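Reader: I've got a model open on my screen and I'd like some help reading it. Could you walk me through a few features?

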Amino acid sequence: MNKLYEALEEGLQAIEQGTAIDSIVARYPDLADELRPILEASSRARALTAPDPSPEAMRRGRAKLLQRAAELREAKIAPRRRVIPGIQRFAISFLLAALFLLSGTGLVNASASALPGESLYTVKRTWEDMRLFFIFDQKQRESLKVEFENERLHEVSELLAEGRHETIQFAGELQVLKDRYYVSGIRVVILDSTKLPAEPLQNGAAVVVTGRTNAEGFVEAQSLKLLPSGTLVPEGKPVEMDTEDESPADSPSETEPTPEPGDDAGGDGSDNQDGGESDKIEMEGTVETITGDTLVINGLTVSIAQAQIIGDLKPGAIIKIQGYYDANGNFIVTRIEVIGSNSGDENQNSNSGSNSNDDNTNDGGGDENTNDGGDDNSNDGGGDDNTNGGGGDDNTNDGGGDDNTNDGGGDDNTNDGGGDDNTNDGNDNDSNDNDSNDNNSNDNDNNDNDNGS
Amino acid sequence: MIAHNDRRALDGLQQLDSQVIGAVYDQYFSEVYRYVFYRLSDQTLAEDIASDVFVRLLEAAQSGRAPQTNLKGWLISTASHAVMDHLRRKYRRPVEAISESMPDLGPAIHTELDQREQNRCVQQAYAQLTSEQQDVLALRFGQGYSLEETASHMKKNVNAVKALQFRALAALQRQIGEVDYE
């Protein structure tokens, strides 16, 4: 069979140089019967060449590209979070500062539980911006930013729980499970019109979702953008495998990932809503110092006088804290959970980061195996492969009649079993030898499919 | 032209330098367009998808995820993904059976119109191939890439491509034959 492949390649090169099929076939008398139809097919494939694009099409594409470049330039100047135009925002800030001075923090407190689309929401976001504006310590600024991103996540779950339709934008960690996308625990549905990045969407990627919440309990994405890797985003909670049975038609409360105690994005949001108290905030970090009733974590000084402490709290411990900002802007911790110690410093830190994603970590090692398992999504908690297997690929490919089989282990056998079969019948057994090569590349392709699913 | 040097072109893309963006576009657009056209046989789609590929390149360069060296390779493989995305969406809707939609071609046809009909028939046969088979034919016969170039675009070794192109052509021949001799 290899001989036939070689003969074909030599024949193709000869045709390119103008040799006639007949004289090529004559060079391989023993292969002639098989070679001739293949070479004829190659002429037909060559005859399909595409025309050059029309000048008009060139112009259109060029304009579209330069337009996009202009948008990106603008976006570079204005940070991502700014939805309200700068001047308007400044005016609001000024007004707010005045109000703040006159009436204390009443308005701001009242806005704390505002959601997108509500009148006080602007106040809330402006207040956040002001707080960021007046913090000069880089570390504190970062942790405050993370806190606000958490708040975005929380707002989205609130909106979903209430089944409201609002345009939202939030950042989070992407998780792909069984053909479904979750961003920090929020179900995100990719539509045909959704703008996606060029690269495959991988588990664990930091993304920004722009879209609309709906009454079915998920976010319809308008666009999904990758953030540079390493960007700090709210983790939310990992989606467990048992969410597989949910369907978009489920009631919102079911569609929402199972609440865990203390998870901000989960169930306790409604309490805040009803009670009107400040929102709960959760963060993880290493204890820097403990002094009496205060503790420094991630550069932020917090009060632990009222905290329920679980575990051995000491400097260097990695802890998860929950709490809220009181009216004076102090962070009051209600609960501290020690989730590790920092004897191994950096390593430990990274471990704690992945604790919430145990499954992923386990599976990360076994990429190939998982993949070999084929379509088996339940193994897929982890890295690339679940994206491969779990994405929309299989079905779609099935529809096409071909590529589905790429997901399987011994590719080409299967491949031949698919849409191709008849074509390949003559070659099947022989070509198996070459298939080990194909496997790898097949896998790549699958990966890529995810772009659009 | 600046775009001849991929590295410098990428720097320009990252800085959103309109001149560089225009140069990269001018240099590669036709190639990307022809690739997509070959795969989908649809002018409007080819225009849309090809120009979209360049928008993606711009966005990728912005977030630092752009190709480090081979710009053309990146563009073609992104185009290939975009084609697959398109096909996947299309396949969500039921597809016409090939035998019903294909014209019955009589023997020995020579007029230009018939030539076009015949091309249409080859296109329909082509559409029945796996995306990998389509890809290899598009690269080798649509783009006119060498075996080695094709292999590097498909991230395969040359032997795998030899086998793949053989099977792709065999499949194409069979699909065409099914119509011809029915």
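Author: Sure, confidence comes first: pLDDT is the predictor's confidence in each residue, on a scale from 0 to 100. This is a predicted model, where local features need pLDDT of at least 70 and side-chain atom pairs count only at pLDDT 80 or more, while totals for chains, interfaces and linings use all residues. Residues are numbered from 1 along each chain as its sequence is written, chains are lettered from A and ligands numbered from 1 in the order in which they are written, and side-chain values use heavy atoms, leaving out hydrogens and water.

Reader: What is the mean pLDDT of chain B?

Author: The mean is 81, and 81% of the residues in chain B reach 70 or more. Helices (H or I, at least four residues) and strands (E, at least two) are DSSP runs, numbered from the N terminus. In chain B, confidence is highest in H2(B), at 91, and lowest in helix H5 (residues 98-101), at a mean of 44. Residues 95-109 of chain B have pLDDT below 50, though that stretch has 22 contacts in the model beyond near neighbours in sequence; contact means heavy atoms within 4.5 Å. Where pLDDT is low, don't read the predicted coordinates in detail.

Reader: And the complex: what ipTM and pTM does the predictor give?

Author: An ipTM of 0.77 and a pTM of 0.41.

Reader: At what angle do H2(B) and H3(B) pack?

Author: Axes are lines fitted to C-alpha atoms, for helices over the stretch in contact, and angles run from 0 to 180 degrees between N-to-C directions. Under 35 degrees counts as roughly parallel, over 145 as roughly antiparallel, 65 to 115 as roughly perpendicular, and the rest as oblique. Here H2 (residues 18-40) and H3 (residues 43-62) of chain B sit at about 135°, axes 8 Å apart, so they are oblique to each other. Residues that meet include Tyr25(B), Phe29(B) and Val36(B) from H2(B), and Ala46(B), Ile49(B) and Phe54(B) from H3(B).

Reader: Is Gln222(A) buried, partly exposed or exposed?

Author: Buried is under 20% relative accessible area, exposed is over 50%, and partly exposed is in between (1.4 Å probe, protein chains only). Gln222(A) has 38%, so it's partly exposed. Gln222(A) belongs to strand E5 (residues 219-226) of chain A. Its C-alpha is 5.5 Å from that of Thr210(A), 12 residues away in sequence.

Reader: Where does Lys139(A) lie?

Author: In helix H8 (residues 138-162) of chain A. Not counting residues up to four places away in sequence, Lys139(A) touches Glu288(A), Asn298(A) and Gly299(A).
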